[in-house]
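Trainee: Please take one part of this model and go through it closely. I would like its surroundings described as well.

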Amino acid sequence: MKTMAFGTVGEVFVLLHGSLPPSDEDWVRYLDAWVAHFQGRPRARTLIVTEGGAPSPAQWQRMMAHPCSSLFRLPGNFCLVTESTFVRGVVHGMDTPALNPFTGQYQVFARDQIVDALRALHASPAEQSAAVALVEQLRQTLVKS
């Protein structure tokens, strides 16, 4: 089982964290998939759903050195869906230009607001339905804590 899972719906990249931090192997797979999905696209739209798991400082640093950093200049939106006050604090704490290339591009939503998050990403109604179904499918593949 995985500590994080991901997939795509149209142009929206969907990332799901369980309650555990991502393994280093899963983190690298995610970064590679993120690059493959957004390479050549005009914008980045990412839905992140977490039960409390979040990347470690070392994983965040690896992201800054990864080829995905070449895509940081894309205009984009990142919508985070979580009930975790810890994750909300991390996102708000990291939302400074010195620490986060995506400063100001994150919006945080409660777990029951996933459709609102998808609307904020300008997902079509069909993409919204497909993304909600994908989140449930991905959730089944995660390690349970």
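**Strand β3 and its surroundings**

Mentor: L47 in strand β3 has C79 in β4 as its bridge partner. The model is a predicted one, and β3 covers residues 44-50. β4, residues 76-81, runs parallel to β3, and six bridges join the two strands. Another parallel neighbour is β2, residues 12-17, also joined to β3 by six bridges. Within that pairing, L15 is matched with I48 of β3.

Next, the side chains. In a regular strand, side chains alternate between the two faces of the sheet. In β3, A44, T46, I48 and T50 lie on one side, and R45, L47 and V49 on the other. Both faces are covered, with each of these residues buried. Buried here means under 20% relative accessible area. Seven of the seven residues of β3 meet that condition, so the strand is largely enclosed by the rest of the structure.

The connection with β2 involves a helix. β2, helix α1 (residues 24-38) and β3 form a β-α-β unit, and this unit is right-handed. Helix α1 in turn packs with α2, residues 57-65: their axes come within 11 Å and cross at roughly 30°. α1 is therefore roughly parallel to α2, since angles under 35 degrees count as such. The crossing of α1 past α2 is right-handed. At the contact, α1 contributes D24, W27 and L31, which meet Q59, R62 and M63 of α2.

Note on methods. Residues numbered from 1 in each chain as written. Predicted model: local features only at pLDDT ≥ 70, side-chain atom pairs only at ≥ 80, totals over all residues. Heavy atoms only, no water. Buried < 20%, exposed > 50% of the residue type's maximum accessible area, 1.4 Å probe, protein only. Helix = DSSP H or I, 4+ residues; strand = E, 2+ residues; numbered from the N terminus. Pairing = 2+ DSSP bridges. Right-handed = clockwise from strand over helix to strand, strands pointing away. Axes fitted to C-alpha atoms, helices over the stretch in contact; angles between N-to-C directions. Parallel < 35°, antiparallel > 145°, perpendicular 65-115°, else oblique. Left-handed = near helix turned anticlockwise from the far one by under 90°. Contact = heavy atoms within 4.5 Å.
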